[in-house]
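Hi there,

Here is the structure I promised to send you. Have a look around it first, and then read on for what turned up.

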Amino acid sequence: MTPLQRYIAEEIATDHADGLIGRREALRRLGMLGVGATAAVALLAACSRGGDHANSSSTASTSSAPPGVSGAVATTAVTFSGPGGRPLQAAWAAAAQPRGGVLVIHENKGLTDHIRSVTGRFAGAGYSALAVDLLSELGGTAAFTDPAAATAELGKIAPQQFIGDLQAGIAELERRVPGKKVGATGFCFGGGLVWLLLSAGTPELAAATPFYGPFPENGELSGSKAAVLGIYAAKDERVIASRPTAEAALERAGLTHEIYVASNADHAFFNDTGPRYNPAAAAEAWHRVLDWYGTYLG
């Protein structure tokens, strides 16, 4: 099992431990990911946090408006050439007077309406944004009627393909917003891909804001030039465990960086369509991201 597959498998097991999905559904999703029955049962047991924790990860009301929705720009579907001429699908939102560009990297569910919304929010805040569909080679996220199948397929894609597709997205952003600096924001699985992009060098990135993404094994950031704002959640024990490794790599590389840990928030707290959405933490994180990009993108 690759590190990305293991991350997705642990996320499924954590969702089960938190009472967000039932045991049968968790086993189904793990099976689609290629986890054998015995290993799946063991993983669910290992990730169990006990009944007191189940369903407790989101205590805030989900009725609050997501940050940045007012003034958001509608996205349009675009296609551009990726590595080897492969067509890549994406959502594009153009700022009226762009201060910079932002590559938005989706969660392990693919290019969803939530990610399109975030892309539009960036444009509304002055940053033209592009969200690449990392399932483009398989027809795009819309080709999957079962979200679990989309997640399973993402788990099978080689990390180098993700890097190539995302770097092509950065090049497309630079073409669409000429002369402007570019940043990258990713969530969960996508947050991990931001770290992966930084580890791959990607000197075109001037700034990055990974949301609760796992730091890659043996990741080094010496080839990067980005100013990094790492965002974590205090209750997200699984991902925040990699924070010290990420900070050490940032220090070794001499990169400008800052870490924000949202108190009383759990994994995926920014996703206003999910069960762990925390409006206060999301609003504070959004404010910090825009401040960061205002400083390091323009």
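Below are some notes on the pockets, the core and a few residues.

One thing to keep in mind as you read is that this is a predicted model.

**The largest pocket**

Let's start with the open spaces. The largest pocket holds about 580 Å³ of space. Its lining is made up of 27 residues, and those nearest the centre are Glu-11, Asp-15, Arg-29, Asn-108 and Lys-109. Sorted by class, the lining has 10 nonpolar, 8 polar and 9 charged residues. Which helices should you look at here? Helix 1 (3–17), helix 2 (23–32) and helix 5 (147–156) each bring at least two residues to the lining. Helix 5 gives the most, with 4 residues.

**The second largest pocket**

The second largest pocket has a volume of about 410 Å³. There are 16 residues in its lining, and Pro-3, Pro-214, Phe-215, Pro-216 and Glu-217 lie nearest the centre. Two or more of the lining residues come from each of helix 1, helix 7 (189–199) and helix 8 (237–240). Which element gives the most to this lining? That is helix 1, with 5 residues. By class, this lining divides into 9 nonpolar, 3 polar and 4 charged residues. Helix 1 is worth finding on your screen, as it supplies at least two residues to the lining of the largest pocket and gives the most to that of the second largest.

**The nonpolar core**

Now for the inside. In soluble globular proteins, nonpolar side chains tend to be buried together. In this model, the largest nonpolar core has 92 residues, and Phe-122 and Phe-269 touch the most other members. If you set aside neighbours within four places in sequence, Phe-269 is in contact with a long list of residues, among them Tyr-212, Ile-231, Tyr-232, Ala-262 and Ala-285. Polar and charged residues appear on that list too, including Asn-278 and Arg-276.

**Three residues to click on**

First, try His-267, which sits in the loop between strand 8 (257–262) and helix 10 (279–296). Is His-267 buried or exposed? It counts as buried, because its relative accessibility is 4% and the cut-off for buried is under 20%. The side chain of His-267 makes a polar contact with the side chain of Glu-11, at 2.7 Å. Glu-11 is also one of the residues nearest the centre of the largest pocket. Beyond four places in sequence, the residues that His-267 touches include Tyr-7, Cys-188, Asp-236 and Arg-276. Tyr-212, Ala-233 and Arg-276 are among the contacts of both His-267 and Phe-269.

Next comes Val-289, in helix 10. Val-289 counts as buried, because its relative accessibility is 1%. Its C-alpha atom is 7.5 Å from that of Leu-229, although the two residues are 60 apart along the chain. Leaving out residues up to four places away, Val-289 touches Phe-122, Thr-185, Thr-209, Phe-211, Leu-229 and Ile-231. You have already met Phe-122 as one of the two core residues that touch the most other members.

Last is Tyr-296, which also lies in helix 10. Tyr-296 counts as partly exposed, because its relative accessibility is 26%. Apart from neighbours within four places in sequence, Tyr-296 is in contact with Lys-181, Ala-206, Ala-207, Ala-227 and Thr-256. Between the C-alpha atoms of Tyr-296 and Leu-130, which are 166 residues apart along the chain, there are 18 Å.

Enjoy exploring!

Best wishes

Note on methods: Residues are numbered from 1 along each chain as its sequence is written. This is a predicted model: local features need pLDDT of at least 70, side-chain atom pairs count only at pLDDT 80 or more; totals for chains, interfaces and linings use all residues. Side-chain values use heavy atoms; hydrogens and water are left out. On a 1 Å grid over the protein atoms alone, a cavity is a set of points where a 1.4 Å probe fits but cannot get out, and a pocket is an open set with protein on both sides within 12 Å along at least five of seven lines; lining residues have an atom within 4 Å of a point. Grid points are joined across faces, edges and corners, and a volume is the space filled by probe spheres set on the points. A nonpolar core is a set of buried Ala, Val, Leu, Ile, Met, Phe, Trp, Tyr and Cys residues joined through side-chain atoms within 4.5 Å. Buried means under 20% relative accessible area, exposed over 50%, partly exposed in between (1.4 Å probe, protein chains only). Contact means heavy atoms within 4.5 Å. A polar contact is a pair of N or O atoms within 3.5 Å; within protein, one must be able to donate a hydrogen and the other to accept it, and residues adjacent in sequence count only if both atoms are side-chain atoms.
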